[in-house]
Amino acid sequence: MADHNPTPADFKRTPALRRSDRVALAIPIRVRGTDSQGQPFEEKSQTLVISRHGALIALARPLVEGQDITIQCIGTGREALARVVDQAEEEKRPSLYGLEIITPEANIWEIHFPPVTDSEMAAGRLLLECSRCHATELAYLNLGEIEIFQKNKCVSRICESCNSVTVWTQAELRKLQVEIPTITVDPMSGEAEAGLSQHTEDERNDPRIALTIDGCIRTTQYGEDIVQTENVSESGARFKSQRAYARGTNVGVAIPYVRSGANVFVQATISWSRCGETEGITNYGLVYSHAARRARRYKPRTKIIIGFIGSGFRSTGRVVDISMKGALVECTEEFKPGDAVRMGIEMGTETMRIAATAKRTIPNLGTGFEFTQMGRNDRTLLRRLIMQIEKQG
């Protein structure tokens, strides 16, 4: 393949890649089909970015948008039908093509991608492998898990294949025969610009842990900037860099970052900057784009009853507004800031159970609670509830 460093104008990120997180990974593939000249072909290539629903690939053959081709992951031997949904400028070779995998259940990468909505509570993302059955999963790590992984290089998680808690380590991906990418692209290129966070360093209220870990900041201006974090949270991170990033810059972020390995990039915005103690070094804060969605509050039009269980009491209340981070509840029980409770909200035949802490009381309105812990299924139910409220307008 000819050397070519594409710019964001060279390709648009495909809609298929919006439905799950993207992993920058060069996997050898075999592509079969008919090119734009009507000539059948079979060509070896590689992915540049993969997701559950598609991939970004480099290919010397001219293709057209809307046509179907077959892609085979050489390492796993699995293949699937894919559709070209976007292409770069035709005169450049190799061209970059965004593909939508028509049958994602084929799982040609043999990697489990969880629902992207689950990522809203994640502080880090890694490809992990079960030490027992060797299943590979894109794992969303919370603050505790990322700290444990940084210390022990492994973390205990539930393995659905083993139906038990097992030890997970960084995925080796030997079966995928991962290569060195022949073209480097920004996996976040083409993402709609995120709204600028108005929070400063001192205004952040998400739990943070002081953690020095490798991260990677990707921009079209500087390419890959390997940095070290100073602290991380579910909403963002603080890091140091020699690069000059303007407040509001849209960046791609991988935390943790594995050198010469698979990395998961998400969209974020530089929210603040401050000169560091060392000359030429600047301290930065970044906020994940999903944090703004997670913090958005929704006011239900219909009555939603929430149950409370605490130390020596049981009570109920009415939801005034709710988000993925917490809820404002009208209730007769008097709560003081710091009171820990268990909440229950019925969703059809299921009940979501969430641990929460009272943050403040608003006179004549209710008590604000911050969600502190919930299971994966509870998070899914909460997202479903919020989507129902959103549809009500």
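Tutor: Before we start, two strands pair if DSSP finds at least two bridges between them, and strands (E, at least two residues) and helices (H or I, at least four) are DSSP runs numbered from the N terminus. This is a predicted model, where local features need pLDDT of at least 70 and side-chain atom pairs count only at pLDDT 80 or more, while totals for chains, interfaces and linings use all residues. Residues are numbered from 1 along each chain as its sequence is written, and side-chain values use heavy atoms, with hydrogens and water left out.

Student: Which residue is the bridge partner of L328 in strand 25?

Tutor: Start with strand 22, which covers residues 326–331, and strand 25, which covers 366–374. They pair in the antiparallel sense over four bridges. In strand 25, L328 has as its bridge partner G368.

Student: In what order do the six strands close into a barrel?

Tutor: The pairing in this barrel is antiparallel. Neighbouring strands are turned by 45° against each other on average, direction ignored; axes here are lines fitted to C-alpha atoms, for helices over the stretch in contact, and angles run from 0 to 180 degrees between N-to-C directions. Going round, the order is 20-21-22-25-24-23.

Student: At about what angle does helix 3 run to strand 24?

Tutor: Helix 3 takes in residues 376–391. It lies across strand 21, strand 23, strand 24 and strand 25. Its angle to strand 24 is about 75°.

Student: Which are the edge strands of the open sheet?

Tutor: Five strands form that sheet in the order 8-10-9-12-11, with mixed pairing. An edge strand here pairs on one side only. That gives strand 8 (111–112) and strand 11 (154–159).

Student: Which residue in strand 12 does R157 stand opposite?

Tutor: Strand 11 and strand 12 (residues 164–170) pair in the antiparallel sense, over six bridges. Opposite R157 in strand 12 stands T166.

Student: How many residues apart in sequence are the parts that F239 and Y284 tie together?

Tutor: Rings of Phe, Tyr and Trp (its six-membered ring) pair if their centres lie within 6.5 Å; planes under 30 degrees apart count as stacked, over 60 as edge-to-face and the rest as tilted. A search of the whole structure finds seven aromatic pairs. One of them is F239 with Y284, stacked at 5.3 Å centre to centre and 25° between the planes. F239 lies in strand 16 and Y284 in strand 19, so the parts tied together are apart in sequence by 45 residues.

Definitions and conventions
Contact means heavy atoms within 4.5 Å.
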